[in-house]
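Work through the two exercises below with the sequence and the model at hand. Each task is followed by a stepwise solution.

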Amino acid sequence: MLKSLLGGAALLALSGHAVMASNIIINGVPHHGGQTVNVPYGAGAGACCNVEELPYTPLPVIHQPAAVPATYTTAPTVTYQAAPVVTYEAAPVVTYEAAPTVTYETAPIVTEQPVVINQAPVAPAPVIVAKPAARGWSSQVYVGARGGWSGIKDTGFGIQGSNVRNDYEDRGYNVAAVVGWGAKVSNSIGYRLEAELGYQTADVDSHRVGGQTFSSQAEGETNTIYGFANAYLDVPLVSRLNAVVGGGLGVGQVEFDGHGIDLPGIGTVQDDEDTVFGYHLDAGLSYDVTDRLALEAMYRYTQFVDVELTSEDGVTSETDVDSHNIVVGARYGF
(Lines give C-alpha, C1' and ligand atoms only; values in the text may rest on other atoms or scores of the structure.)
Protein backbone atom coordinates (compact mmCIF):
# COMPACT_ATOMS: atom_id res chain seq x y z
CA MET A 1 0.00 0.00 0.00
CA LEU A 2 2.75 2.29 0.98
CA LYS A 3 4.54 1.58 -2.22
CA SER A 4 1.47 2.33 -4.32
CA LEU A 5 1.02 5.69 -2.58
CA LEU A 6 4.64 6.55 -3.16
CA GLY A 7 4.39 5.57 -6.82
CA GLY A 8 1.32 7.72 -7.37
CA ALA A 9 2.96 10.60 -5.76
CA ALA A 10 5.96 10.19 -8.03
CA LEU A 11 3.82 10.09 -11.09
CA LEU A 12 1.96 13.21 -10.08
CA ALA A 13 5.24 14.93 -9.59
CA LEU A 14 6.50 14.00 -12.99
CA SER A 15 3.20 14.88 -14.77
CA GLY A 16 3.49 17.95 -17.12
CA HIS A 17 7.22 18.53 -16.16
CA ALA A 18 10.50 17.78 -17.76
CA VAL A 19 12.41 15.45 -15.47
CA MET A 20 16.09 15.02 -15.43
CA ALA A 21 16.53 11.29 -14.54
CA SER A 22 19.52 9.16 -13.77
CA ASN A 23 19.49 5.39 -13.24
CA ILE A 24 15.76 5.28 -13.99
CA ILE A 25 14.13 2.23 -15.56
CA ILE A 26 11.21 3.07 -17.83
CA ASN A 27 9.07 0.19 -19.23
CA GLY A 28 11.77 -2.22 -18.21
CA VAL A 29 14.45 -0.30 -20.03
CA PRO A 30 17.08 1.35 -17.89
CA HIS A 31 17.32 4.92 -18.79
CA HIS A 32 20.27 6.97 -18.02
CA GLY A 33 19.93 10.65 -17.73
CA GLY A 34 20.73 13.12 -20.28
CA GLN A 35 17.49 12.97 -22.23
CA THR A 36 13.99 14.00 -21.67
CA VAL A 37 11.49 11.24 -20.88
CA ASN A 38 7.83 11.97 -21.36
CA VAL A 39 5.45 9.85 -19.37
CA PRO A 40 1.94 9.98 -20.73
CA TYR A 41 -0.73 11.20 -18.23
CA GLY A 42 -3.32 8.71 -17.20
CA ALA A 43 -1.27 5.59 -17.83
CA GLY A 44 -1.33 3.16 -15.03
CA ALA A 45 1.62 2.33 -13.05
CA GLY A 46 1.84 -1.01 -14.63
CA ALA A 47 1.63 0.30 -18.11
CA CYS A 48 4.30 2.81 -17.49
CA CYS A 49 6.85 1.14 -15.53
CA ASN A 50 7.65 -1.29 -12.78
CA VAL A 51 7.12 0.77 -9.81
CA GLU A 52 8.46 -1.74 -7.45
CA GLU A 53 11.78 -1.68 -9.24
CA LEU A 54 12.16 2.02 -9.11
CA PRO A 55 15.09 2.77 -6.98
CA TYR A 56 14.37 4.72 -3.75
CA THR A 57 16.37 7.78 -3.56
CA PRO A 58 16.33 9.13 -0.03
CA LEU A 59 15.60 12.78 0.39
CA PRO A 60 18.67 14.79 0.85
CA VAL A 61 19.58 15.47 4.47
CA ILE A 62 19.45 19.10 5.25
CA HIS A 63 22.11 19.90 7.75
CA GLN A 64 21.33 22.73 10.09
CA PRO A 65 24.33 24.79 11.08
CA ALA A 66 25.45 24.09 14.57
CA ALA A 67 23.98 26.49 17.05
CA VAL A 68 26.40 29.17 18.04
CA PRO A 69 26.92 28.86 21.71
CA ALA A 70 25.68 32.05 23.40
CA THR A 71 28.17 33.83 25.54
CA TYR A 72 26.64 35.70 28.40
CA THR A 73 28.46 38.57 29.96
CA THR A 74 28.48 38.44 33.72
CA ALA A 75 26.14 41.10 35.05
CA PRO A 76 28.10 43.91 36.76
CA THR A 77 28.09 43.89 40.48
CA VAL A 78 25.91 46.72 41.69
CA THR A 79 27.01 48.22 45.02
CA TYR A 80 24.32 50.01 46.87
CA GLN A 81 25.36 52.69 49.33
CA ALA A 82 23.56 52.73 52.58
CA ALA A 83 20.84 55.39 52.64
CA PRO A 84 21.91 58.38 54.80
CA VAL A 85 20.32 58.62 58.20
CA VAL A 86 18.01 61.60 58.22
CA THR A 87 17.58 63.24 61.60
CA TYR A 88 14.39 65.25 62.01
CA GLU A 89 14.34 68.04 64.56
CA ALA A 90 11.41 68.14 66.84
CA ALA A 91 8.86 70.71 65.73
CA PRO A 92 9.01 73.85 67.95
CA VAL A 93 6.30 74.22 70.49
CA VAL A 94 4.06 77.05 69.40
CA THR A 95 2.41 78.96 72.19
CA TYR A 96 -0.66 80.87 71.20
CA GLU A 97 -1.55 83.96 73.18
CA ALA A 98 -5.09 84.35 74.16
CA ALA A 99 -6.89 86.68 71.83
CA PRO A 100 -7.54 90.04 73.49
CA THR A 101 -11.01 90.59 74.74
CA VAL A 102 -12.72 93.09 72.53
CA THR A 103 -15.33 95.18 74.22
CA TYR A 104 -17.83 96.78 71.93
CA GLU A 105 -19.52 99.93 73.09
CA THR A 106 -23.19 100.19 72.60
CA ALA A 107 -23.95 102.28 69.57
CA PRO A 108 -25.51 105.59 70.53
CA ILE A 109 -29.23 105.87 70.01
CA VAL A 110 -29.89 108.22 67.15
CA THR A 111 -33.07 110.18 67.48
CA GLU A 112 -34.41 111.52 64.24
CA GLN A 113 -35.16 115.19 64.22
CA PRO A 114 -38.42 116.29 62.67
CA VAL A 115 -38.06 118.03 59.32
CA VAL A 116 -39.68 121.42 59.14
CA ILE A 117 -41.08 122.16 55.70
CA ASN A 118 -41.08 125.62 54.10
CA GLN A 119 -38.68 127.10 56.61
CA ALA A 120 -35.21 128.40 55.94
CA PRO A 121 -32.56 126.20 57.56
CA VAL A 122 -31.11 127.62 60.73
CA ALA A 123 -27.33 127.56 60.74
CA PRO A 124 -25.89 126.25 64.00
CA ALA A 125 -24.19 128.82 66.13
CA PRO A 126 -20.39 128.65 65.86
CA VAL A 127 -18.67 126.97 68.78
CA ILE A 128 -16.33 129.40 70.46
CA VAL A 129 -13.61 127.80 72.54
CA ALA A 130 -12.49 130.18 75.19
CA LYS A 131 -8.72 130.53 75.34
CA PRO A 132 -7.54 129.92 78.88
CA ALA A 133 -6.23 133.00 80.48
CA ALA A 134 -2.48 133.19 80.65
CA ARG A 135 -1.10 132.58 84.11
CA GLY A 136 1.53 134.85 85.59
CA TRP A 137 3.68 137.19 83.60
CA SER A 138 4.74 135.00 80.75
CA SER A 139 7.42 136.64 78.61
CA GLN A 140 6.53 140.23 79.29
CA VAL A 141 7.89 143.37 80.88
CA TYR A 142 5.91 144.76 83.77
CA VAL A 143 5.83 147.71 86.14
CA GLY A 144 4.38 147.77 89.60
CA ALA A 145 4.11 149.39 92.99
CA ARG A 146 3.99 148.00 96.50
CA GLY A 147 3.91 149.30 100.02
CA GLY A 148 2.74 148.54 103.53
CA TRP A 149 3.50 148.41 107.21
CA SER A 150 7.03 148.36 108.64
CA GLY A 151 8.02 147.30 112.12
CA ILE A 152 11.64 148.30 112.72
CA LYS A 153 13.41 146.47 115.50
CA ASP A 154 15.26 148.40 118.23
CA THR A 155 18.47 150.14 117.22
CA GLY A 156 21.22 151.74 119.26
CA PHE A 157 24.19 154.06 119.16
CA GLY A 158 26.80 155.36 121.55
CA ILE A 159 27.25 158.74 123.23
CA GLN A 160 29.75 159.99 125.76
CA GLY A 161 29.61 157.72 128.80
CA SER A 162 26.55 155.74 127.75
CA ASN A 163 24.50 153.99 125.04
CA VAL A 164 21.12 155.05 123.68
CA ARG A 165 18.52 152.37 122.87
CA ASN A 166 15.80 153.34 120.39
CA ASP A 167 12.33 151.82 120.41
CA TYR A 168 10.07 152.53 117.41
CA GLU A 169 6.36 153.03 117.07
CA ASP A 170 4.26 150.54 115.12
CA ARG A 171 3.30 153.19 112.60
CA GLY A 172 6.27 152.74 110.28
CA TYR A 173 5.60 152.20 106.60
CA ASN A 174 7.33 151.49 103.28
CA VAL A 175 6.61 152.24 99.63
CA ALA A 176 8.38 151.10 96.45
CA ALA A 177 8.18 151.12 92.67
CA VAL A 178 9.31 148.14 90.57
CA VAL A 179 10.05 147.33 86.96
CA GLY A 180 10.72 143.77 85.87
CA TRP A 181 10.46 140.96 83.39
CA GLY A 182 8.71 137.65 83.93
CA ALA A 183 8.11 134.37 82.13
CA LYS A 184 6.36 131.08 82.66
CA VAL A 185 8.04 127.67 82.47
CA SER A 186 5.79 125.18 80.62
CA ASN A 187 2.72 127.09 81.74
CA SER A 188 3.42 126.16 85.35
CA ILE A 189 6.13 127.67 87.54
CA GLY A 190 6.97 131.24 86.57
CA TYR A 191 9.94 133.35 87.41
CA ARG A 192 10.50 137.08 87.58
CA LEU A 193 13.46 139.43 87.74
CA GLU A 194 12.93 143.00 88.84
CA ALA A 195 14.52 146.19 90.10
CA GLU A 196 12.97 147.91 93.10
CA LEU A 197 13.45 151.41 94.44
CA GLY A 198 11.82 152.13 97.81
CA TYR A 199 11.59 154.15 100.95
CA GLN A 200 11.10 153.03 104.56
CA THR A 201 10.55 155.13 107.67
CA ALA A 202 9.56 154.79 111.31
CA ASP A 203 9.26 157.24 114.21
CA VAL A 204 11.04 156.73 117.48
CA ASP A 205 8.68 155.79 120.32
CA SER A 206 11.16 156.02 123.20
CA HIS A 207 14.85 156.30 124.10
CA ARG A 208 16.50 154.40 126.91
CA VAL A 209 19.66 155.98 128.25
CA GLY A 210 21.37 153.93 130.91
CA GLY A 211 18.55 152.68 133.11
CA GLN A 212 16.15 155.56 132.34
CA THR A 213 13.46 155.52 129.59
CA PHE A 214 12.22 158.68 127.89
CA SER A 215 8.94 158.22 126.03
CA SER A 216 6.97 161.39 125.62
CA GLN A 217 10.15 163.44 125.30
CA ALA A 218 11.72 161.10 122.71
CA GLU A 219 12.34 162.55 119.28
CA GLY A 220 13.66 161.34 115.92
CA GLU A 221 12.97 158.98 113.08
CA THR A 222 14.92 156.42 111.06
CA ASN A 223 14.59 156.61 107.29
CA THR A 224 16.03 154.42 104.55
CA ILE A 225 16.12 154.93 100.81
CA TYR A 226 16.98 151.59 99.20
CA GLY A 227 17.44 149.88 95.89
CA PHE A 228 17.16 146.10 95.39
CA ALA A 229 17.61 143.59 92.57
CA ASN A 230 14.91 140.98 93.18
CA ALA A 231 14.14 137.48 91.96
CA TYR A 232 10.84 135.61 92.48
CA LEU A 233 9.23 132.29 91.72
CA ASP A 234 5.47 132.11 91.12
CA VAL A 235 4.17 128.62 91.94
CA PRO A 236 0.57 127.93 90.80
CA LEU A 237 -1.77 126.77 93.58
CA VAL A 238 -5.27 126.96 92.16
CA SER A 239 -6.76 128.80 89.20
CA ARG A 240 -4.98 132.18 88.93
CA LEU A 241 -3.62 131.98 92.49
CA ASN A 242 0.14 131.60 92.96
CA ALA A 243 2.52 131.23 95.86
CA VAL A 244 5.36 133.76 95.70
CA VAL A 245 8.83 133.21 97.15
CA GLY A 246 11.92 135.29 96.56
CA GLY A 247 14.17 138.01 97.79
CA GLY A 248 16.64 140.65 96.80
CA LEU A 249 20.05 142.22 97.37
CA GLY A 250 20.95 145.89 97.31
CA VAL A 251 22.02 148.94 99.20
CA GLY A 252 20.28 151.40 101.51
CA GLN A 253 21.05 154.88 102.68
CA VAL A 254 20.08 154.75 106.33
CA GLU A 255 19.53 158.05 108.17
CA PHE A 256 19.09 158.58 111.90
CA ASP A 257 17.30 161.91 111.76
CA GLY A 258 17.06 164.10 114.88
CA HIS A 259 17.37 161.40 117.54
CA GLY A 260 17.32 163.02 120.95
CA ILE A 261 15.35 163.95 124.05
CA ASP A 262 13.25 167.09 124.22
CA LEU A 263 14.62 168.30 127.52
CA PRO A 264 16.70 171.35 128.39
CA GLY A 265 20.37 170.61 128.07
CA ILE A 266 19.93 167.39 126.01
CA GLY A 267 18.20 167.99 122.63
CA THR A 268 19.48 166.09 119.53
CA VAL A 269 22.22 163.58 120.25
CA GLN A 270 22.33 161.69 116.91
CA ASP A 271 21.84 162.99 113.38
CA ASP A 272 23.87 160.97 110.89
CA GLU A 273 23.52 158.61 107.92
CA ASP A 274 25.38 155.77 106.21
CA THR A 275 25.04 153.81 103.00
CA VAL A 276 25.28 150.08 103.61
CA PHE A 277 24.53 146.68 102.16
CA GLY A 278 21.00 145.34 102.56
CA TYR A 279 18.87 142.34 101.64
CA HIS A 280 15.34 141.08 102.03
CA LEU A 281 13.45 137.74 101.97
CA ASP A 282 9.82 137.54 100.78
CA ALA A 283 6.98 135.02 100.85
CA GLY A 284 3.35 135.53 99.92
CA LEU A 285 0.59 135.14 97.35
CA SER A 286 -0.26 136.70 94.02
CA TYR A 287 -3.52 136.62 92.07
CA ASP A 288 -3.73 137.04 88.29
CA VAL A 289 -6.72 139.28 87.73
CA THR A 290 -6.13 139.16 83.95
CA ASP A 291 -3.30 138.01 81.76
CA ARG A 292 -1.67 141.40 82.38
CA LEU A 293 -2.73 142.53 85.85
CA ALA A 294 -1.69 140.76 89.05
CA LEU A 295 -2.17 141.62 92.71
CA GLU A 296 0.21 140.52 95.46
CA ALA A 297 0.51 140.39 99.24
CA MET A 298 3.77 139.38 100.93
CA TYR A 299 5.65 139.22 104.17
CA ARG A 300 9.15 140.73 103.93
CA TYR A 301 12.09 140.61 106.27
CA THR A 302 14.65 143.36 105.59
CA GLN A 303 18.06 144.05 107.08
CA PHE A 304 20.62 146.80 106.50
CA VAL A 305 23.85 145.80 108.21
CA ASP A 306 26.63 147.66 110.02
CA VAL A 307 25.26 151.17 109.83
CA GLU A 308 28.05 153.40 111.13
CA LEU A 309 26.94 156.49 113.05
CA THR A 310 28.75 159.34 114.74
CA SER A 311 26.88 161.07 117.56
CA GLU A 312 26.80 164.80 118.17
CA ASP A 313 29.49 164.42 120.82
CA GLY A 314 31.79 162.56 118.40
CA VAL A 315 31.26 158.95 119.52
CA THR A 316 31.22 156.45 116.59
CA SER A 317 29.21 153.24 116.76
CA GLU A 318 27.56 150.63 114.50
CA THR A 319 24.08 149.16 114.44
CA ASP A 320 21.85 147.02 112.21
CA VAL A 321 18.47 148.18 110.98
CA ASP A 322 16.16 145.16 110.81
CA SER A 323 12.46 145.26 110.01
CA HIS A 324 9.40 143.06 109.56
CA ASN A 325 7.16 144.26 106.75
CA ILE A 326 3.75 143.47 105.33
CA VAL A 327 3.50 144.70 101.75
CA VAL A 328 0.78 144.64 99.13
CA GLY A 329 1.10 145.65 95.53
CA ALA A 330 0.07 145.35 91.92
CA ARG A 331 1.91 144.57 88.68
CA TYR A 332 0.88 145.37 85.14
CA GLY A 333 2.47 143.69 82.13
CA PHE A 334 2.99 144.93 78.58
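**Exercise 1: the nonpolar patch**

Strands E3 (140-152), E6 (172-184) and E7 (190-209) each supply at least two residues of the nonpolar patch; strands are DSSP runs of at least two residues, numbered from the N terminus. The model is predicted: local features need pLDDT of at least 70, side-chain atom pairs count only at pLDDT 80 or more, and totals for chains, interfaces and linings use all residues. Residues are numbered from 1 along each chain as its sequence is written, and side-chain values use heavy atoms, without hydrogens and water.

Task: Which strand holds Val245, and is Val245 buried or exposed, or partly exposed?

Solution.
1. The patch covers about 1,000 Å², and Val245 is among its residues, as are Trp181 and Phe334.
2. Val245 lies in strand E10 (residues 241-261).
3. Val245 is partly exposed because its relative accessibility is 41% (buried is under 20%, exposed over 50%, partly exposed in between; 1.4 Å probe, protein chains only).

**Exercise 2: Tyr168**

Task: Is Tyr168 buried or exposed, and which residue's side chain makes a polar contact with the side chain of Tyr168 at 2.6 Å?

Solution.
1. Tyr168 belongs to strand E5 (residues 162-168).
2. With a relative accessible area of 4%, Tyr168 is buried.
3. The C-alpha atoms of Tyr168 and Asp154 are 6.7 Å apart, with their positions 14 residues apart along the chain counted as separation.
4. The side chain of Tyr168 makes a polar contact with the side chain of Thr222 at 2.6 Å and with that of Thr155 at 2.7 Å (a pair of N or O atoms within 3.5 Å; within protein, one must be able to donate a hydrogen and the other to accept it, and residues adjacent in sequence count only if both atoms are side-chain atoms).

How values were computed: Helices (H or I, at least four residues) and strands (E, at least two) are DSSP runs, numbered from the N terminus. Patches are made of residues with over 30% relative accessible area and no salt bridge: like charges are joined within 9 Å, nonpolar side chains (Val, Leu, Ile, Met, Phe, Trp, Tyr) within 5 Å. Accessible areas come from the Shrake-Rupley method with a 1.4 Å probe; for residues, only the protein chains shown count as cover. A salt bridge is a side-chain nitrogen of Lys or Arg within 4 Å of a carboxyl oxygen of Asp or Glu.
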